[in-house]
Amino acid sequence: EYARNVLEEALGTQRALDIINRLTASLQVRPFDFARKTDASQLLNFIQNEHPQTIALVTAYLQPEQAAAILSALPAEKQIDVAKRMALMDSTSPDVIREVEQVLERKLSSLASQEYARAGGVESVVKVLNAVDRGTEKTILEALTREEPELAEEIKRRLFTFEDIVQLDDRAVMRVLREVDLNRDLPLALKVASEDVRRKIYKNLSKRAVETLQEEMGYLGPVRLRDVEEAQQKIVNIVRKLEESGEIVVVRGGEDELVV
(Lines give C-alpha, C1' and ligand atoms only; values in the text may rest on other atoms or scores of the structure.)
Protein backbone atom coordinates (compact mmCIF):
# COMPACT_ATOMS: atom_id res chain seq x y z
CA GLU A 1 0.00 0.00 0.00
CA TYR A 2 2.86 2.36 0.86
CA ALA A 3 4.57 1.65 -2.46
CA ARG A 4 1.31 2.26 -4.28
CA ASN A 5 0.86 5.64 -2.60
CA VAL A 6 4.41 6.65 -3.48
CA LEU A 7 3.91 5.66 -7.12
CA GLU A 8 0.59 7.50 -7.32
CA GLU A 9 2.14 10.68 -5.95
CA ALA A 10 5.09 10.46 -8.33
CA LEU A 11 3.41 9.21 -11.50
CA GLY A 12 -0.32 9.62 -11.13
CA THR A 13 -3.01 7.04 -10.36
CA GLN A 14 -3.33 5.41 -13.81
CA ARG A 15 0.41 5.10 -14.45
CA ALA A 16 0.96 3.70 -10.96
CA LEU A 17 -1.82 1.15 -11.51
CA ASP A 18 -0.27 0.03 -14.81
CA ILE A 19 3.12 -0.52 -13.18
CA ILE A 20 1.63 -2.44 -10.25
CA ASN A 21 -0.37 -4.67 -12.60
CA ARG A 22 2.74 -5.47 -14.65
CA LEU A 23 4.73 -6.29 -11.52
CA THR A 24 1.93 -8.49 -10.19
CA ALA A 25 1.73 -10.41 -13.47
CA SER A 26 5.50 -10.92 -13.57
CA LEU A 27 5.41 -12.47 -10.10
CA GLN A 28 2.83 -15.09 -11.04
CA VAL A 29 4.24 -18.61 -11.12
CA ARG A 30 3.07 -21.20 -13.63
CA PRO A 31 1.38 -24.21 -12.02
CA PHE A 32 3.75 -27.00 -10.92
CA ASP A 33 6.79 -24.75 -11.23
CA PHE A 34 8.39 -26.66 -8.34
CA ALA A 35 8.03 -29.92 -10.28
CA ARG A 36 10.01 -28.59 -13.24
CA LYS A 37 12.92 -28.03 -10.85
CA THR A 38 12.70 -31.54 -9.38
CA ASP A 39 14.51 -34.66 -10.56
CA ALA A 40 12.28 -36.94 -12.65
CA SER A 41 13.04 -40.00 -10.50
CA GLN A 42 11.89 -38.14 -7.39
CA LEU A 43 8.74 -37.01 -9.16
CA LEU A 44 8.09 -40.59 -10.24
CA ASN A 45 8.21 -41.80 -6.64
CA PHE A 46 5.88 -38.99 -5.75
CA ILE A 47 3.14 -39.55 -8.35
CA GLN A 48 3.43 -43.09 -9.74
CA ASN A 49 0.66 -44.43 -7.49
CA GLU A 50 -1.70 -41.55 -8.18
CA HIS A 51 -4.73 -41.81 -10.46
CA PRO A 52 -3.76 -41.68 -14.18
CA GLN A 53 -5.67 -38.40 -14.57
CA THR A 54 -3.58 -36.85 -11.80
CA ILE A 55 -0.36 -38.11 -13.38
CA ALA A 56 -1.50 -36.75 -16.77
CA LEU A 57 -2.22 -33.34 -15.26
CA VAL A 58 1.16 -33.10 -13.53
CA THR A 59 3.22 -34.41 -16.48
CA ALA A 60 1.42 -32.04 -18.85
CA TYR A 61 3.09 -29.15 -17.02
CA LEU A 62 6.57 -30.74 -16.91
CA GLN A 63 9.47 -30.36 -19.30
CA PRO A 64 9.16 -32.96 -22.12
CA GLU A 65 12.31 -34.75 -20.91
CA GLN A 66 10.92 -35.07 -17.37
CA ALA A 67 7.54 -36.27 -18.61
CA ALA A 68 9.23 -38.78 -20.92
CA ALA A 69 11.28 -40.25 -18.07
CA ILE A 70 8.19 -40.63 -15.90
CA LEU A 71 6.04 -42.07 -18.69
CA SER A 72 8.74 -44.59 -19.65
CA ALA A 73 8.98 -45.84 -16.05
CA LEU A 74 5.25 -46.48 -15.64
CA PRO A 75 3.72 -49.92 -16.31
CA ALA A 76 2.70 -50.33 -19.98
CA GLU A 77 -1.03 -50.21 -19.28
CA LYS A 78 -0.65 -47.05 -17.23
CA GLN A 79 1.59 -45.46 -19.88
CA ILE A 80 -1.19 -45.81 -22.42
CA ASP A 81 -3.85 -44.50 -20.05
CA VAL A 82 -1.78 -41.45 -19.05
CA ALA A 83 -0.77 -40.63 -22.63
CA LYS A 84 -4.38 -40.83 -23.80
CA ARG A 85 -5.57 -38.61 -20.95
CA MET A 86 -2.84 -36.06 -21.74
CA ALA A 87 -3.80 -35.97 -25.40
CA LEU A 88 -7.50 -35.54 -24.65
CA MET A 89 -6.91 -32.99 -21.89
CA ASP A 90 -7.94 -29.47 -22.83
CA SER A 91 -8.65 -27.12 -19.94
CA THR A 92 -8.38 -27.69 -16.21
CA SER A 93 -10.05 -25.60 -13.55
CA PRO A 94 -7.70 -23.78 -11.15
CA ASP A 95 -9.66 -25.39 -8.30
CA VAL A 96 -8.71 -28.85 -9.57
CA ILE A 97 -5.09 -27.81 -9.96
CA ARG A 98 -5.04 -26.47 -6.40
CA GLU A 99 -6.61 -29.70 -5.14
CA VAL A 100 -3.88 -31.75 -6.81
CA GLU A 101 -1.26 -29.45 -5.32
CA GLN A 102 -2.74 -30.03 -1.86
CA VAL A 103 -2.78 -33.80 -2.38
CA LEU A 104 0.88 -33.63 -3.38
CA GLU A 105 1.51 -31.44 -0.32
CA ARG A 106 3.22 -28.75 -2.30
CA LYS A 107 2.75 -25.03 -2.32
CA LEU A 108 2.45 -23.25 -5.65
CA SER A 109 1.72 -19.66 -6.41
CA SER A 110 -1.91 -18.82 -7.10
CA LEU A 111 -3.12 -18.51 -10.67
CA ALA A 112 -3.36 -15.03 -12.15
CA SER A 113 -7.10 -15.39 -12.69
CA GLN A 114 -9.98 -17.81 -12.52
CA GLU A 115 -9.71 -18.53 -16.23
CA TYR A 116 -9.08 -22.15 -17.05
CA ALA A 117 -5.44 -23.10 -17.38
CA ARG A 118 -4.59 -24.86 -20.63
CA ALA A 119 -2.30 -27.88 -20.51
CA GLY A 120 -1.94 -31.22 -22.18
CA GLY A 121 -3.27 -31.77 -25.67
CA VAL A 122 -1.80 -33.58 -28.65
CA GLU A 123 1.28 -31.36 -28.82
CA SER A 124 2.24 -32.28 -25.25
CA VAL A 125 2.05 -35.99 -26.07
CA VAL A 126 4.05 -35.48 -29.28
CA LYS A 127 6.86 -33.77 -27.34
CA VAL A 128 6.91 -36.57 -24.79
CA LEU A 129 6.84 -39.36 -27.39
CA ASN A 130 9.66 -37.69 -29.30
CA ALA A 131 11.74 -37.99 -26.14
CA VAL A 132 10.88 -41.56 -25.06
CA ASP A 133 12.52 -44.68 -26.43
CA ARG A 134 11.09 -46.33 -29.54
CA GLY A 135 9.65 -49.28 -27.59
CA THR A 136 7.61 -47.07 -25.28
CA GLU A 137 6.41 -44.97 -28.21
CA LYS A 138 5.37 -48.07 -30.16
CA THR A 139 3.45 -49.55 -27.22
CA ILE A 140 1.50 -46.33 -26.66
CA LEU A 141 0.78 -45.69 -30.34
CA GLU A 142 -0.39 -49.25 -31.00
CA ALA A 143 -2.84 -49.05 -28.10
CA LEU A 144 -4.06 -45.60 -29.12
CA THR A 145 -4.53 -46.84 -32.69
CA ARG A 146 -6.89 -49.51 -31.36
CA GLU A 147 -8.74 -47.29 -28.90
CA GLU A 148 -8.56 -43.80 -30.46
CA PRO A 149 -7.56 -44.24 -34.14
CA GLU A 150 -8.12 -40.61 -35.16
CA LEU A 151 -6.15 -39.33 -32.18
CA ALA A 152 -3.34 -41.81 -32.89
CA GLU A 153 -3.16 -40.69 -36.52
CA GLU A 154 -2.91 -37.04 -35.49
CA ILE A 155 -0.09 -37.84 -33.07
CA LYS A 156 1.77 -39.90 -35.70
CA ARG A 157 1.44 -37.09 -38.22
CA ARG A 158 3.18 -34.68 -35.86
CA LEU A 159 5.88 -36.98 -34.53
CA PHE A 160 8.26 -36.61 -37.46
CA THR A 161 8.20 -33.50 -39.63
CA PHE A 162 9.59 -33.06 -43.11
CA GLU A 163 12.30 -30.74 -41.79
CA ASP A 164 13.47 -33.56 -39.50
CA ILE A 165 14.89 -35.34 -42.56
CA VAL A 166 18.18 -33.58 -41.83
CA GLN A 167 18.48 -35.81 -38.73
CA LEU A 168 18.54 -39.01 -40.81
CA ASP A 169 21.84 -40.56 -41.80
CA ASP A 170 22.71 -40.70 -45.49
CA ARG A 171 21.86 -44.39 -45.89
CA ALA A 172 18.41 -43.76 -44.47
CA VAL A 173 17.84 -40.80 -46.80
CA MET A 174 18.85 -42.88 -49.83
CA ARG A 175 16.48 -45.65 -48.73
CA VAL A 176 13.64 -43.15 -48.34
CA LEU A 177 14.29 -41.59 -51.74
CA ARG A 178 13.91 -45.01 -53.39
CA GLU A 179 10.23 -44.90 -52.33
CA VAL A 180 9.58 -41.27 -53.27
CA ASP A 181 8.10 -39.97 -56.53
CA LEU A 182 11.12 -37.94 -57.69
CA ASN A 183 9.24 -36.29 -60.55
CA ARG A 184 6.21 -35.04 -58.63
CA ASP A 185 6.28 -35.32 -54.84
CA LEU A 186 9.93 -34.45 -54.23
CA PRO A 187 9.99 -31.23 -56.31
CA LEU A 188 6.78 -30.11 -54.60
CA ALA A 189 8.03 -31.03 -51.13
CA LEU A 190 11.27 -29.09 -51.63
CA LYS A 191 9.52 -26.02 -53.02
CA VAL A 192 9.47 -24.26 -49.63
CA ALA A 193 11.93 -26.50 -47.77
CA SER A 194 14.90 -25.09 -45.89
CA GLU A 195 18.32 -24.99 -47.49
CA ASP A 196 19.51 -27.61 -44.99
CA VAL A 197 16.86 -30.08 -46.15
CA ARG A 198 17.65 -29.42 -49.80
CA ARG A 199 21.35 -29.99 -49.22
CA LYS A 200 20.58 -33.26 -47.41
CA ILE A 201 18.49 -34.48 -50.34
CA TYR A 202 20.94 -33.33 -53.02
CA LYS A 203 23.79 -35.03 -51.19
CA ASN A 204 22.08 -38.39 -51.58
CA LEU A 205 21.16 -38.11 -55.26
CA SER A 206 23.34 -38.42 -58.32
CA LYS A 207 24.51 -35.23 -60.01
CA ARG A 208 22.16 -35.88 -62.92
CA ALA A 209 19.23 -36.55 -60.59
CA VAL A 210 19.89 -33.28 -58.75
CA GLU A 211 19.94 -31.36 -62.04
CA THR A 212 16.67 -32.98 -63.11
CA LEU A 213 15.11 -32.27 -59.72
CA GLN A 214 16.11 -28.61 -59.84
CA GLU A 215 14.69 -28.33 -63.35
CA GLU A 216 11.40 -29.83 -62.18
CA MET A 217 11.28 -27.37 -59.28
CA GLY A 218 11.86 -24.52 -61.72
CA TYR A 219 9.01 -25.68 -63.95
CA LEU A 220 6.54 -25.79 -61.06
CA GLY A 221 5.94 -22.06 -60.80
CA PRO A 222 3.52 -20.90 -58.06
CA VAL A 223 1.98 -23.81 -56.16
CA ARG A 224 -0.62 -24.12 -53.42
CA LEU A 225 0.79 -24.54 -49.93
CA ARG A 226 -1.68 -27.38 -49.37
CA ASP A 227 -0.13 -29.31 -52.28
CA VAL A 228 3.35 -28.77 -50.86
CA GLU A 229 2.27 -29.98 -47.41
CA GLU A 230 0.60 -33.06 -48.91
CA ALA A 231 3.78 -33.95 -50.81
CA GLN A 232 5.87 -33.47 -47.67
CA GLN A 233 3.46 -35.61 -45.65
CA LYS A 234 3.75 -38.44 -48.19
CA ILE A 235 7.51 -38.46 -47.65
CA VAL A 236 7.09 -38.30 -43.86
CA ASN A 237 4.74 -41.30 -44.07
CA ILE A 238 7.41 -43.20 -46.01
CA VAL A 239 9.95 -42.39 -43.29
CA ARG A 240 7.64 -43.68 -40.56
CA LYS A 241 6.77 -46.83 -42.56
CA LEU A 242 10.45 -47.65 -43.10
CA GLU A 243 11.21 -46.96 -39.45
CA GLU A 244 8.41 -49.25 -38.29
CA SER A 245 9.69 -52.03 -40.56
CA GLY A 246 13.19 -51.60 -39.14
CA GLU A 247 14.75 -50.60 -42.46
CA ILE A 248 15.90 -47.21 -41.18
CA VAL A 249 16.59 -45.70 -37.76
CA VAL A 250 15.27 -42.36 -36.56
CA VAL A 251 17.32 -41.19 -33.58
CA ARG A 252 15.00 -40.01 -30.80
CA GLY A 253 15.61 -37.29 -28.25
CA GLY A 254 17.74 -38.67 -25.45
CA GLU A 255 18.89 -41.73 -27.41
CA ASP A 256 22.54 -42.36 -28.14
CA GLU A 257 23.49 -42.16 -31.79
CA LEU A 258 24.38 -45.47 -33.39
CA VAL A 259 28.01 -46.21 -34.11
CA VAL A 260 28.57 -48.85 -36.79
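# Exercises on a predicted helical model

In helix 7, Ala83, Met86 and Ala87 meet Val122, Ser124, Val125 and Val128 of helix 9. By class, the residues of this contact are six nonpolar, one polar and no charged. The model is a predicted one. The exercises below start from this contact.

## Exercise 1: the contact of helix 7 with helix 9

Task: Describe how helix 7 packs on helix 9, and classify the angle.

Solution:
- Step 1. Choose the two descriptors. Packed helices are described by the angle between their axes and by the distance between the axes.
- Step 2. Locate the helices. Helix 7 covers residues 76–88, and helix 9 covers residues 122–131.
- Step 3. Read the values. The angle is about 140°, and the axes lie 6 Å apart.
- Step 4. Classify. Roughly antiparallel needs an angle over 145 degrees. Helix 7 is therefore oblique to helix 9.

## Exercise 2: Glu123 and Leu159

Task: Place Glu123 and decide whether Glu123 is buried or exposed, or in between.

Solution:
- Step 1. Place the residue. Glu123 sits in helix 9.
- Step 2. Apply the cut-offs. Partly exposed lies between 20% and 50% relative accessible area. Glu123 has 37% relative accessibility, so Glu123 counts as partly exposed.
- Step 3. Relate Glu123 to Leu159. The two are 36 residues apart along the chain, and their C-alpha atoms are separated by 9.2 Å.

Task: Now do the same for Leu159, and list its contacts beyond four places in sequence.

Solution:
- Step 1. Place the residue. Leu159 belongs to helix 11, residues 149–159.
- Step 2. Assess burial. Leu159 has a relative accessible area of 3%, so Leu159 is buried.
- Step 3. List the contacts. Neighbours within four places aside, Leu159 touches Val126, Leu129, Asn130, Glu137, Leu141, Asp164 and Arg240.
- Step 4. Take one partner, Val126. Leu159 and Val126 are 33 residues apart along the chain, with 5.8 Å between their C-alpha atoms.

## Exercise 3: a loop residue

Task: Where is Gln48, and which residues does Gln48 contact outside its neighbours within four places in sequence?

Solution:
- Step 1. Gln48 lies in the loop between helix 4 (40–47) and helix 5 (52–60).
- Step 2. Its relative accessibility is 29%, so Gln48 counts as partly exposed.
- Step 3. The contacts, with those neighbours left aside, are Ile55, Leu74 and Lys78.
- Step 4. Compare sequence with space. Gln48 and Ala73 are 25 residues apart in sequence, yet 8.8 Å apart C-alpha to C-alpha.

## Exercise 4: the largest cavity

Task: How many cavities of 30 Å³ or more does the structure hold, and what lines the largest cavity?

Solution:
- Step 1. Count. A search of the whole structure finds two such cavities.
- Step 2. Size. The largest has a volume of about 50 Å³.
- Step 3. Lining. The residues are Ile165, Leu168, Val173, Val176, Leu177, Ile201 and Ile235.
- Step 4. Main contributor. Helix 12 (residues 170–177) gives the most, three residues.
- Step 5. Character. The lining has seven nonpolar residues, no polar and no charged.

## Exercise 5: helix 14 and the whole chain

Task: Which residues of helix 14 are buried, and what covers them?

Solution:
- Step 1. Helix 14 runs over residues 195–203, and its buried residues are Val197, Arg198, Lys200, Ile201 and Tyr202.
- Step 2. The cover includes helix 12, helix 13 (185–189) and helix 15 (207–220).
- Step 3. Turn to the whole. The protein chain has 16 helices and two strands. Of its 260 residues, 42% count as buried.
- Step 4. Check the range of contacts. Among contacts between residues at least 6 apart in sequence, 74% join residues at least 24 apart.

Terms used: Residues numbered from 1 in each chain as written. Predicted model: local features only at pLDDT ≥ 70, side-chain atom pairs only at ≥ 80, totals over all residues. Heavy atoms only, no water. 1 Å grid on protein atoms, 1.4 Å probe; cavity = no way out; pocket = protein on both sides within 12 Å on 5 of 7 lines; lining within 4 Å. Points joined across faces, edges and corners; volume = space filled by probe spheres on them. Helix = DSSP H or I, 4+ residues; strand = E, 2+ residues; numbered from the N terminus. Nonpolar A, V, L, I, M, F, W, Y, C, P; charged D, E, K, R; others polar. Axes fitted to C-alpha atoms, helices over the stretch in contact; angles between N-to-C directions. Parallel < 35°, antiparallel > 145°, perpendicular 65-115°, else oblique. Contact = heavy atoms within 4.5 Å. Buried < 20%, exposed > 50% of the residue type's maximum accessible area, 1.4 Å probe, protein only.
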